[in-house]
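Hi there,

Here is the structure I promised to send you. Have a look at it first, and then read on for what turned up in it.

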Amino acid sequence: MVSKKYNISSEIYGRFKAFHELMGIKIREILLVSSPYDAFIMEEDGSLASRIINEYSGLNLSQPPRVTRTPSAYAALEHLNEKKFDMVIATPHMEDMDAFSLGGEIKKLKQDLPVILLAHGTRGVYPPPENKDCSGIDKIFIWSGNSDLLLALVKNAEDRINVDFDTKRANVRVLILVEDSPVYYSSFLPLIYKEIVRQTQAVLEVGLNEEHRLLTMRARPKILLATTYEEAIALFNKFRPFLFGIICDSRLPRGHDLDNEAGFELLSKSRSEIPDLPLLMMSSDPKNKERAARIPAVFLDKNSPNLLAELHDFFIHHLGFGDFVFRLPDGKEVARASSLRELEEKVAIIPEEALWYHGKHNHFSRWLMARSEVALASSFREVSASDFGNAEEARDFIISNIHALRKWRQKGVVAQFKASSFDPDVNDFVKIGQGSLGGKARGLAFMSALLQENPRIHESYPEVNIEIPKTLVVCTDGFESFISRNRLENYAKEDFTDDQVTEGFLRAEMPEWIVRELEAYLAHADYPLSVRSSSLLEDAQFQPYAGLYTTYMIPNNHPSLSVRLQHLVKAIKLVYASTYFEGPKAFSRSILNQPHLEAMAVIVQELTGQEFGDYFYPSISGVAQSHNFYPVSPMKPEDGICLVALGLGKTVVEGERALRFSPRYPQILPQFSTVDDILTNAQRFFYALRVRNYPADLKFREYYNLEKREVDEADAEYPVTALSSTYIPEEHRIRDGVFPRGHRILTFAPILKYNLFPLPQILADFLDLGRRGMGCPVEMEFSANLNSGEHKKNSFYFLQIRPMVAEGQRLEVDITRQDWDKAFCRSSQALGNGKNEEIADIVYVKPEEFRLESTVQMAEEIGQINAALAKENRPYLLVGPGRWGSADRWLGIPVTWKNISGVRAVIELRNETIKADPSQGSHFFQNITSLGIQYITVTEDGGGGDRFDWKWVGSLPSVKELTFVRHVRLETPLTIKIDGRTSRCVIVADG
């Protein structure tokens, strides 16, 4: 055995992709040419078509073929001229033509079309009549009333057609059956196929989903039938690298004679060339058993009353189906494994002698091959015991590669959670229920599949663990069951407050089947959890409900499993409740969706981070977008933009102070242009989950368990030291690195300037992969852990992906010089494209009354005016300073969607009072842009030509005036023009 680890990611990742291409040619249409009498006999217990369908469904096989029957040979030829058929089955007795002649005529029309002669006995058909040209018949089968033969006929024809491509494409195995008698092979072939199919199904482990089970079935061994010695030798030579076993009669036709030695010679040749190939000798003469043992080959007496059981035994003990039985060289059993997981566990503990015994005889390879794990089985087969210095080296090789295979084969797979077989070390993405995953979980599953299909990212960053956190999804049928069981449908109506909805949902009972599955999952998961929404519409293309539903984070480390279960169930109930909160309902109305049609899945995900004292948090959290709405030269919009912060991602997605950079130009930081800019804009607070000394009765307000910590308070914790520079007050200077004298400032310089961690490069690759995968600009959330240990890898975690709306309409909009001069509002940073002439109302925050400490009251006043305008269905322009929708009241006005649900254009003012960066990256911003709401940033007194005419707006008559907010109305609508090519905007009032 080669002592280096097998490269799972480079060879296994394409396994299921290759399986999609296998069995590319299927028998879908069968033409049955049969006299009425033959048809009556064959269909005595039901029609041939229904019997084929029953066989397929009984074995869980897909797409049974359709059968068209005709009693006439000439009518059959007409059918073949009019329609495509994949196989012809003919019976011997037809009034207008015999079957051999029909076969010849069919081959003249379609040379490659399989033609099968199905007879009730051998008389008149085998041996074939000497005066007949039999070349038109591919195979003769004898019908004995066993409908299993129909399955075998179809599958054997498919195997013969597909074997060349499938062996080359995916190293699919080949089993050769050598038998000249139609009577015997008509009995054996159905037995073998049924055994192969059932055994293949039995070894497909429960972790895979249904699609992958069906795909893996395509990689089952091909069964090729040879009826002469020459045909068998030709198949042996052609498919020698792919052979799985040979089942052979002792006596075979060779030349023009029946040769008693042909079968022995064939198996002896096979044994000499492939010493460990499973061989089965069949004979009706029991004396041949001794000769078979000398080959050696397993012997099967054709006349045995236990024929089926003995064939089954050959598949179990010699072809690698069934359990892997660990034995010592003397045959004593020491352990057994029925799955890859058990094989990995048992290899770790079996005696050294058993390890060498099975390794030298290629038993591991054969057992893996039976499970369609062709790539790893081939790798094991290519190595030998002499490649290792000792048994432990060999043991480690086997264990590490099986584990890597088990882990990799689950990537990109959303498996059904089953408590009996769940392996938390391998099953990274599982689901409870049969409904939809919801939008957010669907995005996660999609990215998981993309990563599995594109291992280059893993290979490009070998020093980084790139992962999707362990994820459990409670599918939408869980929500529907919860709602219907507790009769909560009325809460979809508009006349319930958020508090009333919450109270009603907390009183409700969670369905027992969900609680039971959650408890089984928690028994394996004792790390902090994030409980997040994944509604049907969430993160849907061009209608993302970003951030409208609630997220809860729980420590999940209480000593009592029942307490942890209680916390999790409560969190899920509250996520369910947020479906009917005022904000999501208002957003649904704005995009003409009905709230009662929404269904909610829930993501229970491992919270990424590390423990630092009483707290748990990641070193970095952030949002990355593939389209930058506010590029600064030399950046281009398509270069993308990222926002990062220390700690949990609440800082970024709710619009608090975070660092913005382009992954293509990580050292260009406009908000860090001077020392004063850095001191003003650097992150001062971060969020962490308290995982020690928290109350057992968690209160479960959103983010309740998170604590807002000062960066200075954590200056001894590794993430702070790793991401900080030092401010030297006496010098009014910031030095990269941490020094005893001075103050820590979060600049992320070790990453952005000195490449401590290749975050910009990883983000650029992920954005490119996501954009290509979704076919549109994307936004993704991520986190990262930095490790202080010298040999510990840093980790990057992908958390979420959703489409973003970047370009809007492609109408060309011209802003003339006259428009620019006449406009009361001008901007060089506007989002959207087009012309809007529907707004006659302006709602603005009075600049003379603006005070940072009063932004919460301003949000409430805007909500009052919004409610009145929404009732009248009047769209409006909203104007105010700072970052709209920010959770940090000191950076802007913290409106939520219910406060502004009727808005159609927004102006974000940047001035001396608030110099916050634009809202890009927040959930609020994502929802605004996805609705096509024009978003305009005006930098007052910035010298770039931006302007807002306060004097003119202040002269307009009031509709309503509150303490901080004023509503005015024009007689004719405004004209808003945005040129998406230049990001310029003008707003002009007629007259």
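Let's start with one pair of charged side chains: E265 and R254 meet in a salt bridge, with 3.0 Å from N to O. Please keep in mind that this is a predicted model. Where do the two partners sit? E265 belongs to helix α11 (residues 262–273), while R254 is part of strand β9 (residues 252–254), so the salt bridge ties together parts that are 11 residues apart in sequence. As for accessibility, E265 is partly exposed, with a relative accessible area of 37%. R254 is partly exposed too, at 23%, and that value is not under the 20% that would make a residue buried.

A quick piece of background: side chains of opposite charge can pair when their charged atoms come close. How many salt bridges does the structure hold? The count is 53.

Here is another one to find on your screen. R741 and E731 form a salt bridge in which the closest N and O atoms are 3.9 Å apart. This pair links distant parts of the chain, 10 residues apart: R741 is in the loop between β30 (733–736) and β31 (743–746), and E731 is in the loop between β29 (724–728) and β30. R741 has a relative accessibility of 44% and counts as partly exposed; E731, at 40%, is partly exposed as well.

Strand β30 itself carries a partner of a further salt bridge. D736 lies in that strand, and K753 lies in the loop between α29 (749–752) and α30 (759–774), 17 residues apart. Their side chains meet at 2.7 Å, N to O. D736 is partly exposed at 28%, and so is K753 at 43%.

Some salt bridges share partners: R341, E344, E345, R406 and D423 are joined in this way into one network.

Now for a sheet. Five parallel strands make up an open sheet, in the order β2-β1-β3-β4-β5. Which strands lie at the edges? They are β2 (66–70) and β5 (139–142), each of which pairs on one side only. On average, neighbouring strands of this sheet are turned by 25 degrees against each other, direction ignored.

Inside the sheet, β1 (residues 29–33) and β3 (residues 87–90) run parallel and are joined by four bridges. For V33, the bridge partner in β3 is A90. Helix α5 (residues 73–82) packs on the sheet and touches β1, β2 and β3. The direction of α5 makes about 160 degrees with that of β1.

Enjoy exploring!

Best wishes

Conventions
Residues are numbered from 1 along each chain as its sequence is written. This is a predicted model: local features need pLDDT of at least 70, side-chain atom pairs count only at pLDDT 80 or more; totals for chains, interfaces and linings use all residues. Side-chain values use heavy atoms; hydrogens and water are left out. Two strands pair if DSSP finds at least two bridges between them. Helices (H or I, at least four residues) and strands (E, at least two) are DSSP runs, numbered from the N terminus. Axes are lines fitted to C-alpha atoms, for helices over the stretch in contact, and angles run from 0 to 180 degrees between N-to-C directions. Contact means heavy atoms within 4.5 Å. A salt bridge is a side-chain nitrogen of Lys or Arg within 4 Å of a carboxyl oxygen of Asp or Glu. Buried means under 20% relative accessible area, exposed over 50%, partly exposed in between (1.4 Å probe, protein chains only).
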